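Reader: Before we discuss the contact between the chains, could you show me the model and then take my questions in turn?

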Amino acid sequence: MNIKINGKILIAAPTGEIDHHAAERFRAQIDSAFEKSSCRHIILDMKDVTFMDSSGIGMIIGRYKKAESGGGKLTLSNMSEAVTKLFNISGLAKIISRAENTQEAIIKLGGNIND
Amino acid sequence: MIKLEIEALPENVAMARVVASSFITKFDPTVEQLTEFKTAVSEAVTNAIIHGYSDKRSGEFVTLTLSAKGREITAKIIDNGVGIEDVEAAKEPLFTTKPEMERSGLGFTVMESFMSKVEINSKKGEGTTITLVKELGEQQ
Ligand SMILES: Nc1ncnc2c1ncn2[C@@H]1O[C@H](COP(=O)(O)OP(=O)(O)OP(=O)(O)O)[C@@H](O)[C@H]1O
Ligand SMILES: [Mg+2]
């Protein structure tokens, strides 16, 4: 997984499959980076996600709550068709914001894309 | 028919997906059908491991069988774990007995929306069998 920081935004890009096993690893990595940083918001860049099931939904909701608890927000970017379908089934589409790409997500969260 | 015994460890779910994917690939599914089948199998095998066998218990096994009748593909996922107390409740979206593990309670919802038919047979203390049927329809 690739983690970057842009001002107050933590940008995490999980790679490969997000199932129960992988979700636990991604969750630990994202939370530890988030806690060590002074970030408020989280972007989950889904560009390199090749598979996801409901364990991924659980992981996303968990990070959404994490960001919210500190007054921040979570945005998803670069979702594939398959991930979008799961997202719609789960009802997440109503509560979690998404962006076409990570630049758009940064702008949505009030960050600076030149950082 | 293919019958696979999978030790009930979280890292083995990926292998179950690989086998289910290659089985259905022989029938020339669309990319979407392949993803849906693979995802539903992933849900059921994950449930068997984390709920049926209460997570990370080596020495316990989940059975995955794959069969086809024409272009109707069936996957059965069998565990001899704790069983489901109330099947109707379990099927409800957002129902989970493990909220502390960041489960969202959407596994059955995903299986039902991705498959043509989902059957749950479960007995408390004896185990659970999930039957997933995917009707592929006319070849594209
Ligand atoms: N094989 C099984 N053995 C015992 N209980 C099960 C089994 N499969 C499902 N259940 C029960 O049914 C509930 C609902 O399952 P479902 O897959 O919909 O949600 P979940 O696994 O809790 O969360 P998610 O799949 O979204 O991560 C589970 O919380 C569990 O109590
Ligand atoms: Mg589940």
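Reader: Which residue of chain B meets the side chain of D19(A) in a salt bridge?

Author: In this predicted model, the pair crosses between chains, starting from D19(A) in the loop between β3 and α1 of chain A and ending in helix α1 of chain B. D19(A) is buried, with a relative accessible area of 5%, and its partner is buried as well, at 2%. The N to O distance is 3.0 Å, and the partner is R17(B).

Reader: Is K85(A), which forms a salt bridge with E32(B), buried or partly exposed?

Author: The closest N and O atoms of E32(B) and K85(A) are 3.0 Å apart, and the pair joins two chains because E32(B) lies in helix α2 of chain B and K85(A) in helix α3 of chain A. E32(B) counts as partly exposed at 47% relative accessibility. Since buried means under 20% relative accessible area and exposed means over 50%, the 27% of K85(A) makes that residue partly exposed.

Reader: How many residues apart in sequence are the parts that the salt bridge of K134(B) and E36(B) ties together?

Author: K134(B) and E36(B) are both buried, and their closest N and O atoms are 2.6 Å apart. E36(B) also forms a salt bridge with K85(A), at 2.2 Å. Because K134(B) lies in strand β5 of chain B and E36(B) in helix α2 of chain B, the parts tied together are separated in sequence by 98 residues.

Reader: How many salt bridges are counted between chain A and chain B?

Author: Over all chains, the count comes to 13 salt bridges. Between chain A and chain B, the count is six.

Definitions and conventions
Residues are numbered from 1 along each chain as its sequence is written. Chains are lettered from A and ligands numbered from 1 in the order in which they are written. This is a predicted model: local features need pLDDT of at least 70, side-chain atom pairs count only at pLDDT 80 or more; totals for chains, interfaces and linings use all residues. Side-chain values use heavy atoms; hydrogens and water are left out. A salt bridge is a side-chain nitrogen of Lys or Arg within 4 Å of a carboxyl oxygen of Asp or Glu. Helices (H or I, at least four residues) and strands (E, at least two) are DSSP runs, numbered from the N terminus. Buried means under 20% relative accessible area, exposed over 50%, partly exposed in between (1.4 Å probe, protein chains only).
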